[in-house]
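Trainee: I am new to this structure and would like to understand the terms used to describe it. Please take me through it and give the reasoning behind each label.

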Amino acid sequence: MAKIGVQAMMLRESFTEIGAFETLRKVSDIGYNAVEISQIPMTPENVAELDRSRTELGMDIAALSVAMETPKGRPGDSLAEHFDKIVEDAKSLDSKLLRIGMLPFEAMTSIGAVIDFAKKANEYAERLQEQGLSLYYHNHHIEFAKFDGKYMLDIIAENSPAMGMEIDVHWVQRGGLDPVRTLEKYAGRTAMVHLKDYRIGQMPESAMGLLDAGDFVGFMTEFKNVVQFAEVGEGNLDFASIIPAAQAAGAEYLLVEQDELYGRTVWEALQTSYDNLIALGQSELF
């Protein structure tokens, strides 16, 4: 049975302010018992506190995030430079799933660059399998650009048979595809699914001011930017269909995530998503 957890990208400020253990204590208090680590430095201190959260809170460290190469000017572990450390961290936290959270920027430029990325990722996936670990790829909307009539995500999948998928249903919708059909398409290859809603927000009052000032381009920018990230159940995605489809696809973890909070706190957002998922009848997945 799949387990619903939290994607830690939205917790990174709390990790810095009060530490990993106290952050996950608050996550546990809401009712979530699994977390995917992302954008959190894997320092010895954080790894120790994550391990403590396993033993004292029963927190499941569902997956760890990795890059193939460390981006210039940014910290973080990469498979190219820190392969052994990544394996050690994963095994110490009993995390068997690793995930690449985003396509490297340079790989977005051409079909050749995409294929090169996928083949390199596949080599790492095969090396990780020798260690008992699995590698997955998380999509945004860019992967639904077409090259010669084929979606970039399909090109990545074809050239990395050893790598699985982590399907983000909000970004699938933003890419113009149906989340349920996409989950069905990648059934058997999807271990994790990101749950975040897709909301059409209201036009801000400032947009009318732009119109009055004759700034039609500015007004249209505001008009197009009404698409928002939202708490699960607060937008337009059909989670009553998405969650069964994710489970049927073989997902082990369904991870609540929200990229922007629009003035709310992360704790308010997580509580709302939790309450709405309970109202959907998913209490047994927590």
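**Reading the labels**

Mentor: Let us start with K185, which lies in helix α7, a run covering residues 179-185. This is a predicted model, in which local features need pLDDT of at least 70 and side-chain atom pairs count only at pLDDT 80 or more, while totals for chains, interfaces and linings use all residues. Residues are numbered from 1 along each chain as its sequence is written, and side-chain values use heavy atoms, with hydrogens and water left out.

Trainee: What makes a stretch such as α7 a helix?

Mentor: Helices and strands are DSSP runs numbered from the N terminus, where a helix needs H or I over at least four residues and a strand needs E over at least two. Counted in this way, the chain has 11 helices and 12 strands.

Trainee: Why is K185 called partly exposed?

Mentor: A residue is buried under 20% relative accessible area, exposed over 50% and partly exposed in between, using a 1.4 Å probe and protein chains only. K185 has 47% relative accessibility, so it belongs to the middle class.

Trainee: How do you know that K185 and D154 are joined by a polar contact?

Mentor: A polar contact is a pair of N or O atoms within 3.5 Å; within protein, one must be able to donate a hydrogen and the other to accept it, and residues adjacent in sequence count only if both atoms are side-chain atoms. The side chains of K185 and D154 are joined at 2.7 Å, so the distance passes the limit. Apart from residues up to four places away in sequence, K185 touches Y151 and D154, where contact means heavy atoms within 4.5 Å.

Trainee: R99 also carries a charged side chain in this scheme; what makes R99 buried rather than exposed?

Mentor: R99 is found in strand β4, residues 97-100, and its relative accessible area is 4%, therefore it is classed as buried. Its side chain makes a polar contact of 2.8 Å with the side chain of S65.

Trainee: Why is L135 called buried, and which residues does it touch?

Mentor: L135 lies in strand β5, residues 134-138, and has a relative accessible area of 1%, so the label of buried follows. Its contacts, not counting residues up to four places away in sequence, include R99, L98 and I100, and also A162, M163 and G164.

Trainee: How do you know that S95 is buried, although it sits in a loop?

Mentor: The loop of S95 runs between α3 (79-92) and β4, but the label rests on area, and at 1% S95 is counted as buried. Leaving aside neighbours within four places in sequence, S95 is in contact with I61, L64, A90 and L133.

Trainee: What makes the phi angle of Q39 worth pointing out?

Mentor: Most residues other than glycine have a negative phi. The phi of Q39 is near 60°, a positive value in a residue other than glycine, and Y262, also not a glycine, has a positive phi of about 55°.

Trainee: Why are Q39 and Y262 given their accessibility labels?

Mentor: Q39, in the loop between β2 (34-37) and α2 (44-57), has a relative accessible area of 51% and is therefore exposed. Y262, in the loop between β12 (253-256) and α11 (266-279), has 37% and is therefore partly exposed.

Trainee: Turning to the whole chain, how do you know whether its radius of gyration agrees with that of a compact globule?

Mentor: The radius is taken over C-alpha atoms, and the globule rule is 2.2 Å times the number of residues to the power 0.38. For 286 residues a compact globule would have a radius of gyration near 19 Å, and the chain has 19 Å, so the two agree. The C-alpha atoms fill a box of roughly 60 × 50 × 40 Å along the principal axes, and buried residues make up 50% of the chain. Of the contacts with a separation of 6 or more, 79% are between residues 24 or more positions apart.
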